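This briefing introduces a protein structure to a first-year student. Please look over the sequence and the structure before reading the points that follow.

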Amino acid sequence: MSSLEHRYKYAISKEGKPIFIDDVTQENRRDTTYTCAGCGRKLFPVLSKERECHFRHEKDSDCSDYNRYLHEYGKAVLKKRFEEGEKFIVKYYPYQECKLFNTCQIKQNHNWEKCSFQGMYSVDLKQYYDTCTLEKGFYEDTPDGKKRYVADLKLTSSKN
């Protein structure tokens, strides 16, 4: 898909913060420079009453990977929320199963599936981490040698 098929609604400010086109006004549009989260090239706010407002790439820009643009912008939004929020709550559904689930006589005799549990848990990651880094690589020792990983967002603690 070409960038002409999409209306770029989001950009990254020169401060590295994500910004939505509706937060740009005629008065503040020249206060900062905007870049594309996907390709890193300059974006210009198009503010119009006749057309849908959006960011436009500079001429001769080839930003053809819209999925990358959305992915990179999403990471910037999560990083901003982590850094600026008092809490960073993550909710998830773990699946817990009794260790004897496959051999349990009670379950087999009663066709009972209640030996497992799935419920929502939540955790405030700010209780454990105080730093969020974009695209941070790290190494982990494995039996077959060192492997390199790159996390989209890496949370760390300065305390330990």
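**Contacts and overall make-up**

Among contacts in the protein between residues at least 6 apart in sequence, those joining residues at least 24 apart make up 50%. The model discussed here is predicted. The points below treat the fold, the nonpolar core, one strand residue and the cysteines.

**Fold and surface**

- The protein contains 11 strands and 2 helices.
- Read from the N terminus, the order of its elements is β-β-β-β-β-α-β-β-α-β-β-β-β.
- The protein has 160 residues, and 29% of them are buried.
- Its accessible surface amounts to about 11,900 Å², and carbon and sulfur atoms account for 48% of that surface.

**The largest nonpolar core**

- The largest nonpolar core consists of 17 residues, and the members that touch the most other members are Y8, Y34 and F55.
- Two or more residues of this core are contributed by each of β1 (10–13) and α1 (66–84).
- The largest share of the core comes from α1, which supplies 4 residues.
- Not counting residues up to four places away in sequence, Y34 touches A11, I12, I19, V24, N28 and R29, and it also touches R41, K42, L43, P45 and F55.
- F55, which Y34 touches, is itself among the core residues named above for touching the most other members.

**Residue S13 in strand β1**

- S13 lies in strand β1, an element that gives two or more residues to the largest nonpolar core.
- Is S13 buried or exposed? S13 is buried, because its relative accessible area is 7%, and buried means under 20%.
- The side chains of S13 and E15 are joined by a polar contact of 3.0 Å.
- When neighbours within four places in sequence are left aside, S13 is in contact with T32 and T33.

**Cysteines and disulfides**

- A disulfide is a covalent bond between the sulfur atoms of two cysteines.
- How many disulfides does the structure hold? The structure holds 0 disulfides.
- C39 counts as partly exposed, because its relative accessibility is 32%, a value in between the limits of 20% and 50%.
- C132 is buried, because its relative accessible area of 7% falls under the limit of 20%.

Methods
Residues are numbered from 1 along each chain as its sequence is written. This is a predicted model: local features need pLDDT of at least 70, side-chain atom pairs count only at pLDDT 80 or more; totals for chains, interfaces and linings use all residues. Side-chain values use heavy atoms; hydrogens and water are left out. A nonpolar core is a set of buried Ala, Val, Leu, Ile, Met, Phe, Trp, Tyr and Cys residues joined through side-chain atoms within 4.5 Å. Buried means under 20% relative accessible area, exposed over 50%, partly exposed in between (1.4 Å probe, protein chains only). Contact means heavy atoms within 4.5 Å. Accessible areas come from the Shrake-Rupley method with a 1.4 Å probe; for residues, only the protein chains shown count as cover. A polar contact is a pair of N or O atoms within 3.5 Å; within protein, one must be able to donate a hydrogen and the other to accept it, and residues adjacent in sequence count only if both atoms are side-chain atoms. A disulfide is a pair of cysteine sulfur atoms within 2.5 Å.
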